[in-house]
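This report describes selected side-chain features of one structure. It turns from a charged residue and its surroundings to charge pairing and then to the nonpolar surface.

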Amino acid sequence: SSRQHRLSRNQARDSQGRTELDNGRRTSREESSNQELLNTEMFIEKEIHTRWLRGSDFLASTCAFTLSLHSLWSLPISVIQHGGVTFLLMYTVILATLGAPLLLLEMILGQYSGLAPAQLFIHLCPILAGLGLAVCVQAAVRAMLDMAVVMWAGQALWRLF
């Protein structure tokens, strides 16, 4: 559901964008927005979240999502096609400077907020509303790619034996 600033029946907005509640106290749009975020956070805290049994389970699932069969199989081909050791060195540098911090940022934001990716970026910045959906679509496409690679490998093994 979209989060729009809607006034209830007992609220009225004046020309300066302030809201007057039943108790006569005036609040600005920013204060009412902050109150909505606090209410959302309180609702999230009341929900029961499942936890990983061990930290190694979380680490293993993160590695499984980060490293796929397709990426592991295509890396040697890319190294041979694009310059050998030089490509591998640049790949490692870029992975360490861009890939790892972005992965850690996404994990930390997800753990801290407890929100799904589609909702997380809306709460960070409303301009980033479509980014969460794009991340979910990218994950779905990647899952289909991984499934295709596993099916291809299974078909090859079936024909081999």
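Setting aside neighbours within four places in sequence, Arg 142 is in contact with Phe 65, Thr 66, Leu 67 and Ser 68. The model is predicted. Arg 142 itself belongs to helix 6. This arginine is buried but has no salt bridge. The nearest side chain of opposite charge is that of Asp 146, 4.2 Å away; the pair is not counted because a salt bridge requires a side-chain nitrogen of Lys or Arg within 4 Å of a carboxyl oxygen of Asp or Glu.

**Charge pairing**

The count of salt bridges comes to one. In a salt bridge, the side chains of Arg 54 and Asp 57 meet at 3.3 Å, N to O. Arg 54 is classed as exposed, whereas Asp 57 is partly exposed.

**Nonpolar surface**

Leu 67, one of the contacts of Arg 142, also contributes to a nonpolar surface patch of about 620 Å², together with Leu 69, Leu 72, Trp 73, Val 150 and Trp 152. Two or more residues of this patch come from each of helix 3 (69-81) and helix 6 (129-160). Helix 3 supplies the largest share, three residues. Leu 69 is located in helix 3 and is partly exposed.

The relative accessibilities of three residues discussed above are as follows.

| Residue | Relative accessibility | Class |
|---|---|---|
| Arg 54 | 54% | exposed |
| Asp 57 | 24% | partly exposed |
| Leu 69 | 37% | partly exposed |

Methods: Residues are numbered from 1 along each chain as its sequence is written. This is a predicted model: local features need pLDDT of at least 70, side-chain atom pairs count only at pLDDT 80 or more; totals for chains, interfaces and linings use all residues. Side-chain values use heavy atoms; hydrogens and water are left out. Patches are made of residues with over 30% relative accessible area and no salt bridge: like charges are joined within 9 Å, nonpolar side chains (Val, Leu, Ile, Met, Phe, Trp, Tyr) within 5 Å. Accessible areas come from the Shrake-Rupley method with a 1.4 Å probe; for residues, only the protein chains shown count as cover. Helices (H or I, at least four residues) and strands (E, at least two) are DSSP runs, numbered from the N terminus. Buried means under 20% relative accessible area, exposed over 50%, partly exposed in between (1.4 Å probe, protein chains only). Lys and Arg count as positive and Asp and Glu as negative; His and the chain ends are not counted. Contact means heavy atoms within 4.5 Å.
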